[in-house]
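Hello,

Here is the structure I promised to pass on. Have a look at it first, and my notes follow below.

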Amino acid sequence: QSQVDNTILQAYRTKGGKIYMSSSNDDGRTFTDPEPTVLPNPNSKVSMTWSRQMQGFIMTYNPSATYRNPLGLAFSGNEDHVGLRDWMEVCKKGEYS
């Protein structure tokens, strides 16, 4: 949950090769319809948290539509929650499930 504007984000893994996200601005009572992000994902688990220090969301995921490696890290400032465009590789070999 964002500490800036109280937005709650929910990330979904799908068989569609992308991470989908929805958001809530009413403490989780209602959420927007899930929308695809630009982040690829092979239907593997994602983990996301709010970083007070960075003032944005941080997500770990597998940035591939077909493989569970590498392990990626995405960051989104509060002005672009659903976009989550930037990621960097933190590990190149192995499978992370």
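Which residue in β3 is the bridge partner of Tyr20? It is Pro36. Before going further, please note that this is a predicted model, where local features need pLDDT (the predictor's confidence in each residue, from 0 to 100) of at least 70, side-chain atom pairs count only at pLDDT 80 or more, and totals for chains, interfaces and linings use all residues. Residues are numbered from 1 along each chain as its sequence is written, and side-chain values use heavy atoms, leaving out hydrogens and water.

Tyr20 belongs to β2, where it is also the bridge partner of Tyr12. Strands here are DSSP runs of E, at least two residues, numbered from the N terminus, and two strands pair if DSSP finds at least two bridges between them. β2 runs antiparallel to β1 (residues 8-12), with five bridges, and pairs with β3 (residues 35-40) in the antiparallel sense over three bridges. Five of the seven residues of β2 (residues 18-24) are buried (under 20% relative accessible area, 1.4 Å probe, protein chains only), so β2 is largely enclosed by the rest of the structure.

The largest nonpolar core (buried Ala, Val, Leu, Ile, Met, Phe, Trp, Tyr and Cys residues joined through side-chain atoms within 4.5 Å) has 10 residues, including Ile19, Val46 and Trp50. β5 (56-61) gives the most to this core, with three residues.

On confidence, the mean pLDDT of the chain is 78. Confidence is highest in β2, at 90, and lowest in β7 (residues 86-91), at a mean of 50. Where pLDDT is low, the predicted coordinates should not be read in detail.

Best wishes

Definitions and conventions:
Buried means under 20% relative accessible area, exposed over 50%, partly exposed in between (1.4 Å probe, protein chains only). Helices (H or I, at least four residues) and strands (E, at least two) are DSSP runs, numbered from the N terminus.
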